[in-house]
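This report describes how a ligand is held by the protein shown below. Please keep the sequence and the structure at hand while reading.

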Amino acid sequence: MSKLLIHGTKKLKGEVQIHGAKNSTLPLMAASLLCAGECVLHNCPALSDVDTAIKILRHLGCKVERTAGDVVINPLTAKNYDIPDHLMREMRSSIIFLGAIVSRLDRAILSFPGGCELGPRPIDLHLSSLRKMGVDIREDHGCLDCVVPNGLKGAVINLSFPSVGATENIMITACLAKGKTVINNAAREPEISDLADFLNSCGAKIHGAGNSTICVEGVRRLTGCEHFVIPDRIAAATFMTAAAITGSTLTVSSVIPEHLAPVIPALEESGCQVDLYDSSIRISAPKHLSRIKSIRTMPYPGFPTDAQAPVMAMTTLAEGTSMFVENIFESRYKHVGELLRLGANIKVEGRVAVVEGVKRLSGATVEASDLRGGAALVVAGLAAQGTTEVYGLHHLDRGYESIEKNLALLGADIRRV
Ligand code: UD1
C-alpha cells in the first residue's frame, strides 16, 4: 500500500503552477456528449476522477484520446446508455452524466452513486428537475432507469438549495430541450460559468451563469469546440494553506485570483500577506499564525466547503481559538480524528468544530478518508515535527496532480513510497 512520507517543518519557497479544475473538467467531459463534433479540452488535470470520466465516455462508445493536458472527445459514436455500477461508485459525480446521456440517447440506465464519504449525498434535486423536463425516471433496486418518451422540454426549476451538480445537470439537459429553461436559486460557482462558456462555444444559448437565475434557450444542435479548463481554486487554496502553516512565502500561479476571493480573507486574518497579480497570488506567512475567528462554509461566493479541511489544518498551529461551521455536508470532519493524532486540539459538536491552536504538531501515521481531508493531513504533516505517514492516497489522487512532486519542488521533504 503506498503512502506519503513527510519529514515536516521544512519551509516552502518558489512558485507552483496550479492544474485545471477537477470540478470543471468532469461536467465538461459529460457535456461533450451533446455535441455533434469533436471537443478538445485543454488544461485537463491528470487525476483519477478524470480517468474515470474517460472510462465512462469510452463505455458509452465515445472515442477519447488523452495527451498531456488535452482530452479530445469524439462523441459521434456514442451508442450505449448505461454506466456500469463500478464506475458509478468510483466517482460520486458520475451522476452528472445523467442529463447528457438522456439528451443524447433518450434513455439512461445508471445506479445510484455509492458511498458515504461526506455523509448522505442525495440526488433528489437532480431527479426532480429532470422529471420536470420530460425524463421518466424509475428508481428500482438501486438502479435508475430513465427514458424520454416525448422529448425533453424546457421548464422553470426552483432549486431548494443551490446544488452545484444539479445546476450542471439541468444546464446540460436544457441545451437541446425544446423551449426555455429557467433555473432559480442556481449555484454560482466558477465551474458553472466555465460549463456555460463551453456550451455556449458549442452553440448553446445560456444566459446568467454565475448568477442565481440561469436561462437556457434550447437549440437544435451543438457543435464541438476547443476549451481551456479554468484553474483549480481548491488546489490553489490548499497550497496557500501549506505556505501559511510552514511560515513560507510562495507564489501560486496559473490561477484566477477572483475565484480565491472567498478564501483570501481567512488567510489574511491568520496574519498572512496576500498579494494578487493577474494570474498569480503571492502569499507570505507570518512567524506565528493567528486564529481565524469563524469560518462558515457556504455556497459560492461564500467560503468553500472543499477548503474547510486544509484551512482547519492550518489553524491547528495558530495562536488562539478558531471556529468552523460546516453548512454544506453533514459529515465533513473525518480529518479531525487524524489531526488529533498529529497533536492538534479540536472538538467537534455536530456541524461545529472548535480548534485550539497548539504550539507544535508531531509526526504520526494517519489515513485520509476523503479527498480534501487527505489534503489537510498533508498540510499538517508539512508542519509537524518528525515523520508523518499519510495513507489512503487514492483519495488524494482524485483531486491533486502529483501533490508530493509539486511540494518537493517547493522544498518540502515529502515522497511517495
Ligand atoms: C460539488 C463539488 C464538490 C463540492 C460541492 C459543494 C463537483 C464534482 N463536486 O459537489 O467538490 O464539495 O459541490 O461545493 O463539482 N443535495 C441534495 N440533493 C441533491 C443534490 C445535493 O440534498 O439532489 C445537497 C447535498 O447533499 C449537499 C448540498 O446539497 O448537502 C451541496 O451539494 P452539491 O452542491 O450538489 O455538491 P456536488 O455537486 O455533489
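## Composition of the shell

In this predicted model, the shell around the ligand divides by class into eight nonpolar, six polar and four charged residues. The ligand is surrounded by 18 residues, of which Asp-124, Leu-125, Ser-163, Asp-306 and Ile-328 are the closest.

## Position between domains and helices

Residues of the shell come both from domain 1, which spans 2-17 + 230-414, and from domain 2, which spans 20-226, so the ligand lies between the two domains. The space that the ligand takes up is the largest pocket.

Among the secondary-structure elements, the helices α5 (124-132) and α6 (164-175) each contribute at least two residues to the shell around the ligand. With three residues, α5 provides the largest share of that shell.

## Polar contacts and burial

Oxygen atoms of the ligand take part in contacts with both side-chain and backbone atoms of the protein. On the side-chain part, an N or O atom of Asn-23 lies 3.0 Å from an oxygen atom of the ligand. On the backbone part, a polar atom of Val-164 is 2.8 Å from a ligand oxygen atom, while for Ile-328, which is also listed among the closest residues, the separation between a backbone N or O atom and an oxygen atom of the ligand is 2.5 Å. Taken on its own, the ligand has 740 Å² of accessible area, and the protein covers 82% of this area.

Methods
Residues are numbered from 1 along each chain as its sequence is written. This is a predicted model: local features need pLDDT of at least 70, side-chain atom pairs count only at pLDDT 80 or more; totals for chains, interfaces and linings use all residues. Side-chain values use heavy atoms; hydrogens and water are left out. A residue is near a molecule or strand if one of its heavy atoms lies within 4 Å of it. A polar contact is a pair of N or O atoms within 3.5 Å; within protein, one must be able to donate a hydrogen and the other to accept it, and residues adjacent in sequence count only if both atoms are side-chain atoms. Accessible areas come from the Shrake-Rupley method with a 1.4 Å probe; for residues, only the protein chains shown count as cover. On a 1 Å grid over the protein atoms alone, a cavity is a set of points where a 1.4 Å probe fits but cannot get out, and a pocket is an open set with protein on both sides within 12 Å along at least five of seven lines; lining residues have an atom within 4 Å of a point. A molecule sits in a cavity or pocket if more than half of its atoms lie within 2 Å of its grid points. Helices (H or I, at least four residues) and strands (E, at least two) are DSSP runs, numbered from the N terminus. Ala, Val, Leu, Ile, Met, Phe, Trp, Tyr, Cys and Pro count as nonpolar, Asp, Glu, Lys and Arg as charged, and the others, Gly among them, as polar. Domain bounds come from an automatic or database domain assignment.
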